[in-house]
Amino acid sequence: MNTTLVFGDNPGPYTGAGNNTYFISGKIPTLVDAATGQPSHLDGLAGALGAASLTQVLVTHAHPDHADGCDPIAARWPTAVFRKMPWLERDTRHSVDFQPVADGDPIPAGDGTLRTVHTPGHAPDHLCFFDEAGGTLFCGDLVVLGSSVVIPSSRGGSLTQYLASLRRVRDLAPARMLPAHGSAIDAPGSVIDGYLEHRQRREDQIIDVMRAGARHPDVIVERLYQGVRAELRLLAKESVLSHLIKLRDEGRVRVDGEEWALS
Ligand SMILES: [Zn+2]
């Protein structure tokens, strides 16, 4: 597939330098992810389109840095169709009518076909789009090179699902992954293995500090993330909670109010 990076131009604490969106040229001009609707993003998209008109936008998930650009894009290219896996409470914040896609659906895009891969965990509606012919996986927020992905367990995230999604994508063996943040990933297998090892190490550390007496998530955060900046403390707590919920679901930890203990 002939793919061009169209930069979202929306830097921030949660988006790094800003979002990547990907334009696929051909018979069905397609954009993967909508970013936030910065005028410079729309202009970049117009430049990539040239004389063509935008046919469709595929949205990896409903988080604002991926979906807020849908309405501005629809205003500029009114015939474009928007597709994503439904997450109704989030999708209804936008005026566009999302066409629902499900796991395994083939979506004609550019001059080829993308296969939809449901990869929940970071968000319940998270999709990757796989160009099976070329081996490229548009991976949204599944993986970010050199960083780890937030699992917002209080807002639809699930570490258990996330780990299963990572394993599923590893088994698809893409040759290259194009993420919504950061650089392209040319060795997906080893990056995903590194992610799985990182989460296993984190889980082992959480069990260790719980064995040493920590019961409250705030205490676990303090011991594991010493000196973490205040604005990242909430993210650290979300991460610890996602591990505790996974361990609870596995019967290895029990919870009583805000106190968690090893079973
Ligand atoms: Zn996200």
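Metal donors were taken as N, O and S atoms within 2.8 Å of the metal (3.2 Å for Na, K and Ca); water is not among the atoms, so sites may look incomplete. The structure is a predicted model, in which local features need pLDDT of at least 70 and side-chain atom pairs count only at pLDDT 80 or more, whereas totals for chains, interfaces and linings use all residues. Residues are numbered from 1 along each chain as its sequence is written, and side-chain values use heavy atoms, with hydrogens and water left out.

Under this criterion, the zinc ion is coordinated by NE2 of His 61, ND1 of His 63, NE2 of His 122 and OD of Asp 141, at 2.1 to 2.2 Å. Along the chain, these donors follow the spacing H-x1-H-x58-H-x18-D. His 61 is located in the loop between strand 4 (56-58) and helix 2 (64-67), and Asp 141 in the loop between strand 10 and helix 5, so the pair ties together parts that are 80 residues apart in sequence. Helices (H or I, at least four residues) and strands (E, at least two) are DSSP runs numbered from the N terminus. The arrangement of the four donor atoms is irregular because they subtend angles of 88 to 177 degrees around the zinc ion. Four donors count as tetrahedral if all angles lie between 85 and 135 degrees; four count as square planar and six as octahedral if opposite donors are over 155 degrees apart and all others between 65 and 115; anything else is irregular.

Strands 1 to 6 form an open sheet of six strands in the order 1-2-3-4-5-6, with mixed pairing; two strands pair if DSSP finds at least two bridges between them. Its edges are strand 1 (3-7) and strand 6 (98-100), each pairing on one side only. The twist from one strand to the next averages 30 degrees. Axes are lines fitted to C-alpha atoms, for helices over the stretch in contact, and angles run from 0 to 180 degrees between N-to-C directions. Within this sheet, three bridges link strand 2 (residues 20-24) and strand 3 (residues 30-32) in the antiparallel sense, with Ile 24 opposite Thr 30 in strand 3. Helix 1 (residues 39-49) lies across strand 1, strand 2 and strand 3, at about 160 degrees to strand 1; contact means heavy atoms within 4.5 Å.

An open sheet of five strands, also of mixed pairing, has the order 7-8-9-10-11. Strand 7 (106-109) and strand 11 (176-179) are the edge strands. Strand 10 (residues 136-140) pairs with strand 11 in the parallel sense over four bridges, and Gly 140 stands opposite Pro 179 in strand 11. Helix 5 (residues 159-172) lies across strand 8 (112-118), strand 9 (127-131), strand 10 and strand 11, and runs at about 150 degrees to strand 8.

Strand 12 (residues 253-256) and strand 13 (residues 259-262) run antiparallel and are joined by four bridges. Two residues separate the strands of this hairpin, in which Gly 257 takes a positive phi near 65 degrees.

Charges over rings (NZ of Lys or CZ of Arg within 6 Å of the ring centre and within 35 degrees of the ring normal) include Lys 84, whose charged end sits over the ring of Phe 98 at 5.8 Å from its centre. Arg 202 lies over the face of Tyr 225, 4.5 Å from the ring centre.
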